[in-house]
Amino acid sequence: MLQILDENGKVINEDKKPDLSDEQLQDIMYRMVYTRILDQRAVSLGRQGRLGFYAPVAGQEASMIGSHYAVDKEDWIAPGYRDIPQLIWHGYPLWQSYLFSKGHYKGGQMPEGVNALVPQIIIGAQIVQTAGVALGLKKKGKSQVVITYTGDGGASQGDFYEGMNFAGAFHVPAIFVVQNNQYAISVPAEEQTAADTIAQKAVAAGIEGIQVDGMDALAVYAATQKARQNAVDGNGPTLIETLCYRYGPHSLSGDDPTRYRTSEEDDEWEKRDPLVRFRKYLEDKGLWSEEKENEIVEQAKADVKAAMKEVEETPRQKVSELIEIMGNELPYNLREQLEEYRAKESSK
Amino acid sequence: MAEMTMIQAITDAMRTELKNDEDVLLFGEDVGHYGGVFRATEGLQKEFGEARVFDTPLAESGIGGLAIGLGVTGFRPIMEIQFIGFIFEVMDGLAGQMSRMHYRTGGYYDSPITVRAPFGGGVKTPELHPDSLEGLMAQMPGMRVVIPSTPYDAKGLLISSIRSDDPVFYLEHMKLYRSLKGEVSEEAYTIDLDKADIKREGKDITFIAYGAMVHSALKAAEQLSEENIEAEVIDLRTVSPVDLDTIIESVKKTNRAVVIQEAQRQAGVAAGISAEISERAILHLEAPVARVTAPDTVYPFASDEDIWLPDHNDIIEKAKATIDF
């Protein structure tokens, strides 16, 4: 397992340490703090019934931000439903992520120039699509890569194997990140597979595989940065397993983690908290302060408020609009139903 | 014009579009060097190169995902599923992903994908090769389901499917691949999707069919004509969505309808059409809408398929019962 920072924020693997400027290091911390606040606010908004589906991310910041920080703005991202933070940092507006959460179709309209698929609901479907996106980029002669995310449960799906195998066989620029957060809802990782690591599953696809400490932003960044370089250099895909932990429930839709894990276990993982560890590292270098952090917290809270306002001002979607976006050309049945629903909507 | 079998017309359509648009890609299992298990893609890799026409690893869900990813990066994929029975492996790709791409991204992304698959009975294939699964496919909003019955239609409909920005499930009846020939223009031409075709005009009864059953319906119509019963034969060509205008107009003229499909009776295309006719034209009917179908079993092993599959005699019998009602 690749690890660069220990739990006290000390560098334990000097020769693997990525070459990042002070500003970049601060930027990673900034993004992790901001993401933690977004998560806390989303959980709270969810409990108030102001959001729709939401999958908490606290505990996974190093895995999410560390990996995403290593890809370029022009690269593609194929996220699972929990991977909203990476999408946000890729240019997906926060208010649209809330619309997605509420099931509003406008949440799926990526802004022009944001190379991203809509968060995937079906476990593993993004993995096979990633092989296609990567092949498309290769065929167009682009130097972009595609990064995709799933969890430990996703690594059990057939699509996980098919996608990695295709990407390997076609030798395309893809990065597969499995965020092993220890539980697929309630099923622990050790019941998910008899393999010692998920990273070793890369061997079967003939691609690179690496397991990293997913609570260590520097390690995740270093592994992803190397994977990206390999992809751009034409050396094919990489599978990265990030060992991490989600502090919250699987989603806000009724999951109760106390039914399948202990508070001792939670405490054990919280000792490795990615924010605490990185904060110590930056403080030792004189690059971080409580004041700086508080500014980020306030900014994130203000951004959430503004985004919620925008969402609450967005008109409710109409069934007639949903009919209209079924495809480019509306067939007979939909044209007929469109008229019916327009009439229904105008009479209300 | 040239005489072509249906499979030649299908190959010709793909050649036409590979030539016409460099973003058209063709891939699947054995489609490259080998030219497809039915030779539908014969010669295309040689003509257009391995970058445009290529083999994939053996994994249908992977093929579907590949098509979706290539679609969003600007390509126009034609993906082949070797036999319809293998479609279950890629149902998420079809129903869960490509058919709803436009919808869930609010029109931001499309799936300009053509999914080709051979289907249909009467050629003694193993189980899970010939099944008529078009009714299942027709349940997917956002996906068109096209089934040609002649070489001419096969080419025009396939070109339209490839050019469509929405996904099309294009089913090729195995029995029709080489059993009939027809005149096909060597030029690029299109046939509108969602439009049925009247393959034979008649005034006494309407036969609504698609795929190989169009030919059984035509044979039945010819024999009935000897008894002075003139059947109109509608070839649906697109089974989802169906062209109800053409059907209802015909039923209003003939006042009787028999819906014919090779598939099992339960649910499916014929059931939907029967319901639509009842809702839209009941007062024009002189008899209940009849259906000619296979029984509600799984597709049988080859030794039973001759009896299991409906044929022109079943259609004649049902037509006479409808007229005598």
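## Exercises on a two-chain model

At a relative accessibility of 30%, Arg39(B) counts as partly exposed, because that class lies between buried (under 20% relative accessible area) and exposed (over 50%), computed with a 1.4 Å probe and protein chains only. The model is predicted, so local features need pLDDT of at least 70 and side-chain atom pairs count only at pLDDT 80 or more, while totals for chains, interfaces and linings use all residues. Residues are numbered from 1 along each chain as its sequence is written, chains are lettered from A and ligands numbered from 1 in the order in which they are written, and side-chain values use heavy atoms, with hydrogens and water left out.

**Exercise 1. Backbone exceptions**

Task: Find where Arg39(B) sits and state its phi; then do the same for Arg237(B), and find which bond joins Ser240(B) and Pro241(B).

Solution:
- Step 1. Most residues other than glycine have a negative phi, and most peptide bonds are trans.
- Step 2. Arg39(B) occupies the loop between strand 2 (24-28) and helix 2 (44-48) of chain B. Helices (H or I, at least four residues) and strands (E, at least two) are DSSP runs, numbered from the N terminus. The phi of Arg39(B) is near 70°, a positive value in a residue other than glycine.
- Step 3. Arg237(B) is placed in the loop between strand 11 (231-235) and strand 12 of chain B. Its phi is positive too, about 65°. Arg237(B) is buried, at 8% relative accessibility.
- Step 4. The bond between Ser240(B) and Pro241(B) is a cis peptide bond, with omega about -5°. Pro241(B) belongs to the loop between strand 12 (238-240) and helix 10 (244-254).

**Exercise 2. Salt bridges within chain B**

Task: Which side chain does Arg237(B) pair with, and which residues make up the network of salt bridges?

Solution:
- Step 1. Side chains of opposite charge can pair when their charged atoms come close. The rule used here asks for a side-chain nitrogen of Lys or Arg within 4 Å of a carboxyl oxygen of Asp or Glu.
- Step 2. Arg237(B) meets Asp153(B) in a salt bridge of 3.4 Å, N to O. The two are 84 residues apart and link distant parts of the chain, with Asp153(B) in helix 7. Both Arg237(B) and Asp153(B) are buried.
- Step 3. The network consists of Asp153(B), Asp197(B), Lys199(B), Asp235(B) and Arg237(B).
- Step 4. A further pair is Arg144(B) with Asp166(B), at 3.8 Å, N to O. Arg144(B) lies in strand 6 (residues 144-146) and Asp166(B) in the loop between helix 7 (151-163) and strand 7, so the salt bridge ties together parts 22 residues apart in sequence. Arg144(B) and Asp166(B) are buried.

**Exercise 3. A pair in chain A**

Task: Are Glu313(A) and Lys309(A) buried or exposed, and why are they separated by about one helical turn?

Solution:
- Step 1. Glu313(A) is exposed at 55% relative accessibility, and Lys309(A) is exposed at 53%.
- Step 2. They are separated by about one helical turn because they are 4 residues apart in helix 12 (residues 290-313) of chain A.
- Step 3. Their salt bridge has its closest N and O atoms 3.1 Å apart. Over all chains, the search finds 38 salt bridges.

**Exercise 4. The interface**

Task: State how many residues of each chain take part in the contact and what area is buried.

Solution:
- Step 1. Counting heavy atoms within 4.5 Å as contact, 43 residues of chain B meet 46 residues of chain A.
- Step 2. Buried area is the accessible area (1.4 Å probe) that two parts lose on being put together, summed over both. Here it is about 3,500 Å², with 60% given by carbon and sulfur atoms. Tyr103(B), Arg104(B) and Tyr108(B) supply 19% of what chain B buries against chain A, more than any other three residues.
- Step 3. The interface has 2 salt bridges. Lys140(A) forms a salt bridge with Asp23(B), with the closest N and O atoms 3.1 Å apart.

**Exercise 5. The nonpolar cores**

Task: Which residues touch the most other members of the largest nonpolar core?

Solution:
- Step 1. A nonpolar core is a set of buried Ala, Val, Leu, Ile, Met, Phe, Trp, Tyr and Cys residues joined through side-chain atoms within 4.5 Å.
- Step 2. The largest such core has 114 residues, and Leu94(B), Phe169(B) and Ile277(B) touch the most other members. Helix 1 (residues 6-20) of chain B gives the most to this core, 7 residues.
- Step 3. Apart from this core lies another, of 67 residues, including Leu87(A) and Met110(A).
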